[in-house]
Amino acid sequence: MERKSAWETYNEAQLTELEKLSQEYREFLDHGKTERECVDWIADLLETEGYQELEAVIEKGGKLKTGDKVYSIWMNKSIVLFQLGRKSMSEGLNILGAHIDSPRLDVKQNPLYEDGGFAYLDTHYYGGVKKYQWVALPLALHGVVVKKDGTIIELNIGEDEDDPVFFISDLLIHLAGEQLEKKAAKVIEGEALDLIVGNKPIVINADSEKTASKDEEKNDSKAKEVVKAGILDILKNNYDIEEEDFLSAELEIVPAGKAREAGFDRSMILAYGQDDRVCAYTSLRAMLDLKETDRTVCCILVDKEEVGSVGATGMQSHFFENVVAELMNVCGEYSELNVRRCLARSCMLSSDVSAGFDPSYASCFEKKNTAFLGKGMVFNKFTGARGKSGSNDANAEYIAHIRNIFDEKGISYQTAELGKVDVGGGGTIAYILALYGMNVIDSGVAVLNMHAPWEATSKADIYEAYRGYMAFAEGASL
Ligand code: MN
Ligand code: MN
């Protein structure tokens, strides 16, 4: 079952559409480097696309009808949108799901210190990272600092060409003999991922004399931390942030720079955080481009997948189920039983990136059951590790239904496993939705260098995913 490259199937009109989509996708990536930024950007977009916030509809005592569009945000990090279909919700939804958190370095709660004339922010990595990939490259700082009075200070430093960037140092090759003998997992250890944020001592001159006298009582050790003091001065003056405010901050360190086209042929996209914003964006775009549908369509974009979908904003939270109940209530069809029926009768594409075949590491893949960049959207009947441990294993009946939809619309797709049996594994959010008894399958886009600071995807796969999500949203009904 050799699959051909999706590129070979396109006409001029499709190529134009593909380029437009990939351009919009890159804009999304550039504006959404954290889950919060993604949610903000999407909410702004939804307001221009005729969506109303569900909570506002409820407050007004409003009613909803076929074709109406609503969304709901949870803790600024997860978002779910619905477009009401002609059928009642208790007949089931067609759900597109993906996650909007990505591996990164989080700033610790007590992060700022000085050593050897440098000011540092100590970090704790989030999600699975090869730590050695995060040194010696320009990094940006994104996130929020919440003051005690609830004021939220948003930070985004390192993306603008005029912004400073930050970095983590690596040992020069000349002295690295011993380091290079270490295992890759130990070459750079977690506690070594400390971000350099400054090197200039605070200058106490006539202008700042009042600051100096005010701080007179502070002890000697403080007086020695003159670089750290300089950073605190900048944080205070530019952002109104005090050292204690780090306690209630969520600051994420990510690679600095924009998403780029890759290759002479510009066939790929190289960018940070494509896991899983590539599926999130294409799911969202498909949803926004839908005409009226029979079944209600839902797109859920969640946080915390990279750490096991836990927490109030992860897929395991009851947030999604609660919103479904609220929505059914507004539609006049709420009952405990109807919510259960709705969820059990739903069909879902649980999307996440898939490991693309990498010829440089061919031995980790089994070629017949591997996703190739450019061969279309990927379906993983199951994921998991070893004996499919922890996997949602989609029903054959459901897969047959999806094959039918995709073949009818001429959408390129391929099936895959995450690498060779016994080599490794991974999970997604599919098993959580499967708890309701609904039909769920893992699907998505193949990625090269997954979880690296810069991940690569094929524009053709992005386009096929978008088309696939659209066909599924319109046509799934099982
Ligand atoms: Mn991941
Ligand atoms: Mn993922």
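This report describes two manganese sites, two antiparallel sheets with the helices that pack on them, and one cavity in a predicted model.

## The manganese pair

Two manganese ions, ligand 1 and ligand 2, lie 3.2 Å apart in the predicted model, and Asp 275 coordinates both of them. Around ligand 1, the donors are an OD atom of Asp 275, two entries for OE of Glu 306, and NE2 of His 451, at 2.1 to 2.5 Å. Around ligand 2, the donors are NE2 of His 99, an OD atom of Asp 275, and two entries for OD of Asp 352, likewise listed at 2.1 to 2.5 Å.

The donor residues of ligand 1 follow the spacing D-x30-E-x144-H in sequence, and Glu 306 and His 451 tie together distant parts of the chain, 145 residues apart. Glu 306 sits in the loop between β13 (296–302) and α10 (319–330), while His 451 sits in the loop between β21 (446–447) and β22 (455–458). For ligand 2 the spacing reads H-x175-D-x76-D, and here the linked parts of the chain are strand β4 (residues 93–99), which holds His 99, and helix α9 (residues 274–288), which holds Asp 275, with the two positions 176 residues apart in numbering.

## Burial of the donor residues

How buried are the donors Glu 306 and His 451? Glu 306 has a relative accessible area of 14% and therefore counts as buried, because the cut-off for that class is under 20%. His 451, with a relative accessible area of 18%, is buried as well. On the side of ligand 2, His 99 is buried, and so is the bridging residue Asp 275.

## The six-stranded sheet

Six strands form an open, antiparallel sheet in the order β8-β7-β10-β5-β6-β9. Its edges are β8 (152–157) and β9, each of which pairs on one side only, and the twist from one strand to the next averages 30°.

Within this sheet, strand β5 (residues 104–115) and strand β6 (residues 118–126) run antiparallel and are joined by eight bridges. Asp 106 stands opposite His 124 of β6, and Tyr 113 stands opposite Tyr 120 of β6. The hairpin that β5 and β6 make has two residues between the strands, and Gly 116 takes a positive phi near 60° there. On its other pairing, β6 meets strand β9 (residues 194–198) in the antiparallel sense over four bridges, and Tyr 120, already named as the residue facing Tyr 113, stands opposite Ile 196 in β9.

Two helices can be described against these strands. Helix α2 lies across β5, β7, β8 and β10 and runs at about 100° to β8. Helix α8 (residues 226–239) packs on the sheet with contacts to β5, β6, β8 and β9, and its direction makes about 125° with that of β5.

## The three-stranded sheet

A further open sheet consists of three strands in the order β11-β12-β22, again with antiparallel pairing. The edge strands are β11 (260–262) and β22, each pairing on one side only, and neighbouring strands are turned by 35° against each other on average when direction is ignored. Between β11 and strand β12 (residues 268–271) there are three bridges in the antiparallel sense, and Arg 260 has Leu 270 of β12 as its bridge partner.

Helix α1 (residues 12–31) lies across β11 and β12 and runs at about 0° to β12. Helix α14 (residues 459–475) also packs on the sheet, where α14 touches β11, β12 and β22, and the direction of α14 makes about 65° with that of β22. Strand β22 also has a place in the description of the metal site, since the loop that carries His 451 runs between β21 and β22.

## The cavity

The structure holds one cavity of 30 Å³ or more, and about 40 Å³ of space lies in the largest cavity. Its lining is made by Thr 34, Glu 35, Arg 36, His 142, Gly 143, Glu 250 and Glu 252. The elements that give two or more residues to this lining are α2 (35–48), β7 (139–146) and β10 (249–255). Strands β7 and β10 are neighbours in the order of the six-stranded sheet, and α2 is a helix that lies across both of these strands.

Key:
Residues numbered from 1 in each chain as written. Chains lettered and ligands numbered in written order. Predicted model: local features only at pLDDT ≥ 70, side-chain atom pairs only at ≥ 80, totals over all residues. Heavy atoms only, no water. Donors = N, O, S within 2.8 Å, 3.2 Å for Na, K, Ca; no water. Buried < 20%, exposed > 50% of the residue type's maximum accessible area, 1.4 Å probe, protein only. Pairing = 2+ DSSP bridges. Axes fitted to C-alpha atoms, helices over the stretch in contact; angles between N-to-C directions. Contact = heavy atoms within 4.5 Å. 1 Å grid on protein atoms, 1.4 Å probe; cavity = no way out; pocket = protein on both sides within 12 Å on 5 of 7 lines; lining within 4 Å. Points joined across faces, edges and corners; volume = space filled by probe spheres on them.
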